[in-house]
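Reader: I have the chain open in front of me. Can we go through how its parts are put together, one piece at a time?

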Amino acid sequence: MELCFAPFVGPHGTMETRTRRLQEIYPAPDLLARSLQWDVSRIRIRLVPNQRAAYRVRAWDSKGQLLLEEALNPRWTALPYFGRITPAKRVHPTTSGIRMVQGSRVLLDRSIPTDREVFWRVFGKRWLPALLKSMERRVVSGHTPWPRAFWKEIRIDVIMEETEKALDLDQERLSPMEALHEDVYFTMLDAYKDFAERHGLGQSLHLGQIMPFVAWKSPRGRAKARFEARPFTGSMAGCASLGGSTHPQGPFGKEDGSGTVWLRCHKRHWHVGILLSSSTDLRAAHNLANILPRLGLECVATHQSEMILRCPAPRRKRSQATAPRRKTLASPPTDRILSMRDVAHWVRKLSSLPGLRFWEAAKSSQGRAVWALEAALPCPSPAVSQARLRLLKPTLVFNARHHANEVSGTEAALFSAWTVGATDTGRALLRKVNLLWIPAENLDGVAAFERLFGRRPATNCTQHATMPWAASFTKTIFSQGLGFPKPWPSAAPGNDGFPK
């Protein structure tokens with residue numbers, strides 16, 4: 001049997017690739033072979049550039065006699081990708097229709113829009129333009145200070161009676177609503193990218209959190225859709241330079257009039273007063289106040305000439321007598337998805353193994369703690385500098401879940417940390433390298449993923465792979481990961497994790 005397809009060639013400005021039709025019939029050879037109880041090698045798929053029909057299927061018997069030849073041309077329509085927003089390329093989804101033929105005469109040939117097509121027309125003509133128009137008014141009005149994102153949450157609820165069928169082949173399934181779920185997310189990101197370029201917006205200003213909730217079972221078979229956008233009201237956590245010299249003379253920058261004026265030490269917190277220069281405006285001071293929490297400092301009060309900061313007081317490390325290290329520990333589970341509460345629990349448990357310790361590497365944009373686990377060869381003498389011992393060997397960093405929906409990366413990170421701390425084979429590695437794990441970097445994306453995953457556990461939840469504004473740490477050249485400590489590691493493989 002042979003399945004032939006023609007390359008997809010649409011009008012000028014078409015966004016689809018030439019291999020679209022191949023993607024749409026995959027994995028047809030595997031499904032046919034299973035249904036016919038054939039070896040899959042007896043079914044081949046082939047691209048025919050000059051074929052007039054979109055698809056053609058032919059079958060021969062063992063003697064080479066042609067038994068079957070049929071063709072199919074799916075009906076499709078055209079939609080602008082961004083709706084009324086120009087310039088916009090066009091997409092061509094398949095649609096339904098009716099065709100009546102009498103003899104050789106066509107009596108009626110008309111397309112009938114599907115529920116999904118109606119949704120996209122409403123989304124492109126009303127909802128997306130209204131959203132961008134509201135953002136444009138804020139840009140034109142010169143709204144300051146800029147927020148971190150335009151919207152705290154953009155929620156799209158779509159309910160349609162659609163196919164949802166597992167193909168019992170790997171993890172393949174028919175799921176039009178999952179495709180819609182992904183398309184909504186990426187369409188909005190592409191629209192915002194175009195909007196930001198047209199208005200000259202920097203990379204520190206984002207669209208916001210996009211939350212498409214989809215369902216393929218509809219009461220009474222009626223399709224419903226709802227769009228809601230909540231403005232983001234927090235201030236920008238971007239870089240701001242205070243007035244005066246960038247490199248002040250002396251330890252406290254006294255040349256421009258700024259410096260530390262007082263320090264009060266309490267049992268749990270320290271308070272630090274900083275004198276601001278006379279040229280510092282309140283906007284710059286507020287922006288600085290939003291940067292400081294990433295450094296572990298809390299701005300208690302801000303005045304025209306003074307800023308008061310609070311930080312946790314240093315604590316003594318627990319001694320071995322009060323916190324004995326456990327030498328044996330059961331391995332973390334690898335047969336289920338761990339919640340972030342479970343991850344924090346396991347990070348603490350694994351730090352009880354010899355040579356392992358954990359700390360809070362950073363805060364996400366929404367204030368969630370990003371944990372790091374470090375493994376270094378234990379040294380029995382307290383007189384030896386652990387920091388210098390680390391510099392004698394390369395450091396290998398495993399950074400998991402910067403794509404929040406790639407769930408097994410977290411389980412793999414925790415299991416490998418347990419292997420290093422609890423097995424002889426793992427401990428032997430520490431003679432050659434230092435190891436560091438970030439079990440989940442994109443915590444804000446994971447939180448959004450957990451909200452959707454509870455509603456629809458079979459789906460990919462692609463939009464939470466990379467949140468529009470999730471973790472925001474120092475960038476490195478090694479991968480997408482942004483949570484690396486300094487100094488830079490010798491190597492940093494991205495442990496995205498499969499299956500998604």
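Reader: In what order do the four strands of the open sheet stand?
Author: This is a predicted model. The sheet is open and its pairing is mixed. Its four strands have the order S2-S1-S3-S4.

Reader: Which strands stand at the edges of that sheet?
Author: An edge strand here has a single partner strand, so one side of it is left without a neighbour in the sheet. That applies to S2 (44-47) and S4 (66-72).

Reader: What does the twist average from one strand to the next?
Author: The sheet keeps the order S2-S1-S3-S4. Going from one strand to the next, the twist averages 15°.

Reader: How many bridges join S1 to S3, and which residue is the bridge partner of Cys4?
Author: S1 covers residues 2-5 and S3 covers residues 55-60. The two run antiparallel, joined by four bridges. Within S3, the bridge partner of Cys4 is Arg56.

Reader: Turn to S18 and S19. How many bridges join them?
Author: S18 spans residues 356-363, and S19 spans residues 369-375. They run antiparallel. Glu360 stands opposite Trp371 in S19. The number of bridges joining the strands is seven.

Reader: Which residue in the turn of that hairpin has a positive phi?
Author: The hairpin of S18 and S19 has five residues between its strands. In this turn, a positive phi of about 90° belongs to Gly367.

Reader: Now the helices. Are H6 and H8 roughly parallel or roughly antiparallel?
Author: H6 is residues 340-350 and H8 is residues 408-422. Their axes come within 10 Å and cross at roughly 15°. Angles under 35 degrees count as roughly parallel. The crossing angle therefore makes H6 and H8 roughly parallel.

Reader: Is their crossing left-handed or right-handed, and which residues of H8 make the contact?
Author: The crossing of H6 and H8 is left-handed. H6 brings Val343, Trp346, Val347 and Leu350 to the contact. From H8 come Thr410, Leu414, Ala417 and Trp418.

Reader: By class, how many residues in the contact of H6 with H8 are nonpolar?
Author: The contact has no charged residues. One residue is polar. The nonpolar residues number seven.

Reader: Step back to the whole chain. What percentage of its residues is buried?
Author: The protein chain has ten helices and 22 strands. Of its contacts with a separation of 6 or more, 66% are between residues 24 or more positions apart. Among the 500 residues, the buried share is 39%.

Terms used: Residues are numbered from 1 along each chain as its sequence is written. This is a predicted model: local features need pLDDT of at least 70, side-chain atom pairs count only at pLDDT 80 or more; totals for chains, interfaces and linings use all residues. Side-chain values use heavy atoms; hydrogens and water are left out. Axes are lines fitted to C-alpha atoms, for helices over the stretch in contact, and angles run from 0 to 180 degrees between N-to-C directions. Angles under 35 degrees count as roughly parallel, over 145 as roughly antiparallel, 65 to 115 as roughly perpendicular and the rest as oblique. A crossing is left-handed if the near helix is turned anticlockwise from the far one by less than a right angle, and right-handed if clockwise. Contact means heavy atoms within 4.5 Å. Ala, Val, Leu, Ile, Met, Phe, Trp, Tyr, Cys and Pro count as nonpolar, Asp, Glu, Lys and Arg as charged, and the others, Gly among them, as polar. Two strands pair if DSSP finds at least two bridges between them. Buried means under 20% relative accessible area, exposed over 50%, partly exposed in between (1.4 Å probe, protein chains only).
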